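Colleague: I am new to this structure and should like to understand the terms applied to it. Could the reasoning be set out step by step?

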Amino acid sequence: MMDKEKNVAVSGSFITVSSIRHAFLLPPDAIVKFWFESNGMKINCSMNESGTTFLLPGNWSTMEFFAKSNRVPCPFEVEKANRIKNFWENRVFRITGNKLTGTCVLIDNRRALTAAHLSFKLNEKYTIKGTGNREFSVTSVFICKHYDIAILQSDALPKLGLSMGSLWGQGAKYFMMGYPNGVDPSNPTITKGTIKGYMDDCFHLVGTPGWKRGYSGAPFINDSGRLAGIVLGGTSGFSVNTTIQECLDSSAEQKYARILGIGAIIQRHSQGNSDSES
């Protein structure tokens, strides 16, 4: 696509349309075609019934595939994405809790922010891994199960200021960075998205493209390059009735991402009273 090559990790004989959009920084509404060549013939990959996933032939691991889209990101958008990625990629880490692996983002005072449902215990140590094979041991210093946030700290982490911003609600553009399953674990993946509105609790935001395993705790960065929140999980709509566990039990990518704004996170942390575990 666009005379560019991308390596995308595939865990089964299929690849989602959104994975291709993510790899080439395409907008969520971009129409993607996906094919391979056999004996000089172009063969389009078939799709599942919902039209969200391309089905690959049995010998896909030995083949080369081609993609084409009707929407190509303009050079300005690509430049912006690259600029934001260059600034943030060294602040975004993979984190493995007691139950799940997700993403955390380095904020201020040698602290990292993530989602509590990855499972942590207060004052226990965990390992985070980032670009350039960097690895740090961090200690869980704050947990809030109700808000689904956790803060980890280490004196070995660089001391950085927190660049904060807002998502401003429906229609706002953002970038999400993290370590979704099935993608190169040596560098965070950056994805551009759009806020669709608030959930029915008038507290969490909903964004698209949706959540994938490994994105829990990933930072949401607004169009100005400032940290505006983190992704807590997926949701099939705007109702809060879908639980985190229901999303985690599903291996499929969720239609939307559920977002908690940075203002709510800071307000809750300032109140203290950490839970002992999550």
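**Sheet and ring pairs**

Modeller: In this predicted model, 3 strands form an open, antiparallel sheet in the order β3-β2-β5. Its edge strands, each pairing on one side only, are β3 (41–44) and β5 (65–69). Neighbouring strands are turned by 35 degrees against each other on average, direction ignored.

Colleague: How do you know that strand β2 pairs with β5?

Modeller: Pairing requires at least two bridges, and 5 bridges join β2 (residues 32–38) to β5; the two strands therefore count as paired. Within β5, Lys68 is the bridge partner of Lys33.

Colleague: Why is the aromatic pair of Phe34 and Phe65 called stacked?

Modeller: The ring centres are 5.4 Å apart and the planes differ by 5 degrees. Centres within 6.5 Å make a pair, and planes under 30 degrees apart count as stacked, so both conditions are met. Phe34 lies in strand β2 and Phe65 in strand β5, so the pair ties together parts that are 31 residues apart in sequence. Ring pairs also link Phe34, Phe36, Phe54 and Phe65 into a cluster.

Colleague: What makes Phe34 buried?

Modeller: Its relative accessible area is 10%; the limit is under 20%, so Phe34 qualifies as buried.

Colleague: Why is the pair of Tyr174 and Phe220 called tilted?

Modeller: The angle between the planes is 55 degrees, at 4.5 Å centre to centre. That angle is neither under 30 nor over 60 degrees, so the pair is tilted. Tyr174 lies in strand β12 (residues 173–178) and Phe220 in strand β15 (residues 219–222). Tyr174 counts as buried at 1% relative accessibility, and Phe220 counts as buried at 0%.

Methods: Residues numbered from 1 in each chain as written. Predicted model: local features only at pLDDT ≥ 70, side-chain atom pairs only at ≥ 80, totals over all residues. Heavy atoms only, no water. Helix = DSSP H or I, 4+ residues; strand = E, 2+ residues; numbered from the N terminus. Axes fitted to C-alpha atoms, helices over the stretch in contact; angles between N-to-C directions. Phe/Tyr/Trp six-rings, centres within 6.5 Å; stacked < 30°, edge-to-face > 60°. Buried < 20%, exposed > 50% of the residue type's maximum accessible area, 1.4 Å probe, protein only.
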